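Biologist: I have a new model open and would love a guided look. Could you take me through it?

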Amino acid sequence: MDEVLPKAGLRDFTFEAAHVAIKQYVASRFSHLLLDFSGTLVKVHDNQKGVIEEEYPLQAALEISKNALVQGSMDALLDFRRLLDENLEVLSALTDLIIDWVQEGFQDFFGKLNDQFLVLSGKKYSANQDLIFGEGDKVLPGLVLLLAQLSVFIEQNAITRISEEISSLSGGGSRGHDNGPAFIPAEICLIFQSAGEELLQHYISMKTRKILILLKKRFATPNWVKLDTILNEVKQILPEGLHHKHRRTDSNGSNTSSRSNPLRDDKLVRSNTQKARSQLFESHLAKLFKQKMEIFTKVEHTQESVVTAIIKLFLKSLQEFVRLQTFNRSGFQQIQLDIHFLKTTLKDTAEDEAAVDFLLDEVIVAAAERCLDPIPLQPAILDRLTQAKLSKNSEQSPTS
């Protein structure tokens, strides 16, 4: 028809129409990819809330999310490859532009995905947030942990694979060497590396705040702080660490057991209140000079590192909370008993045992400062009460 009616400009009209239609198709394909993946995350959120009754543990949710992202991206690339393989003159003329649109689409997709992670975690507000999750819905810590680990997967695995597939598309785009490619893997990796660290810290903060709420109730109603929920979540999502636990050593370099803790030494049991308080302070001061340690270190994406970070923040907050209270002798001894129980139960949980031990002792010293009669319990009494509680817990929660 173009040969019969050259003045009609059908070739130019067809090229322009194809240009608009294909660009819209590419944009629409990425919109559907983002929508489908968002649906996967919403399902994870609903299962965490118990909206959907089927079993949907975090570990399975993480694997489903990884597969949805990679497979969805591969399916989109397959559609684009089929489009480029079409033996049509008008498409041949648009090949470089199509590759540019695909690269731009992935760059934009991952930028929006990062924003969505921040919205879902509560780190960023969106006007559409209530439409996604429902008005008034709370952010769930398990979902935040999943998003943190998903960010690590995107940075370390997904981007590399997608970048290889994009590079295999025929043609090199129309942007030229001066402008560079529209898809910049290194930039996206940095974005999700930062997101992974930020989300992991956010998860730790959320869990610490939740424990502190339990802590405040602890002073009104006797209860024991539990970390079972946290341990269950991190074991599903995060890998085990490769580092050995950092144990406290004495001046001879040998491991110091919990029974030889200077804060629980028999010498603390004195009839004179002032001597007891002085002994507590002197013992702790000696340890400050003897042990130089870094309490808050960088958090890694491992089970031990995350749990240890939560424990450290909790104990530091507990110390500050205790400093605002006033205790009689019974209250001080209850704090001492609680700390003894925590030290026993956290011994095999925390990665940096020396730092955790130090923070536990800090709580007792803070309680002593706020007590008019800080006479400590004898070690034998502490051990007996703690073992009784552990035995009771074991009977109530028998292992299958």
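Biologist: How much surface does the protein chain expose, and what percentage of it do carbon and sulfur atoms supply?

Modeller: A word on the source: this is a predicted model, where local features need pLDDT of at least 70 and side-chain atom pairs count only at pLDDT 80 or more, while totals for chains, interfaces and linings use all residues. Residues are numbered from 1 along each chain as its sequence is written, and side-chain values use heavy atoms, with hydrogens and water left out. Accessible areas come from the Shrake-Rupley method with a 1.4 Å probe, and for residues only the protein chains shown count as cover. The protein chain exposes about 21700 Å², and the share from carbon and sulfur is 51%.

Biologist: Thanks! How many helices and strands does the protein chain have?

Modeller: Both are DSSP runs numbered from the N terminus, helices being H or I with at least four residues and strands E with at least two. The protein chain has 14 helices and zero strands.

Biologist: At what angle do helices H12 and H13 pack?

Modeller: Axes are lines fitted to C-alpha atoms, for helices over the stretch in contact, and angles run from 0 to 180 degrees between N-to-C directions. H12 (residues 329-346) and H13 (residues 353-369) have axes 9 Å apart, and the angle is about 175°. That makes the two helices, H12 and H13, roughly antiparallel, a label for angles over 145 degrees.

Biologist: Which residue of H13 and which loop residue are tied to H12, or rather, which residue meets Arg329 in a salt bridge?

Modeller: A salt bridge is a side-chain nitrogen of Lys or Arg within 4 Å of a carboxyl oxygen of Asp or Glu. Arg329 lies in H12 and its partner in the loop between H13 and helix H14 (379-396), so the pair ties together parts that are 44 residues apart in sequence. At 2.7 Å from N to O, the partner is Asp373.

Biologist: Which residue pairs with Glu165, and is Glu165 buried or partly exposed?

Modeller: Glu165 sits in helix H6 (residues 141-167) and its partner in helix H2 (residues 58-85), so the bridge joins parts that are 84 residues apart in sequence. The closest N and O atoms are 3.4 Å apart, and the partner is Arg81. Buried means under 20% relative accessible area and exposed over 50%, with partly exposed in between (1.4 Å probe, protein chains only). At 28% relative accessibility, Glu165 is partly exposed.

Key. Angles under 35 degrees count as roughly parallel, over 145 as roughly antiparallel, 65 to 115 as roughly perpendicular and the rest as oblique.
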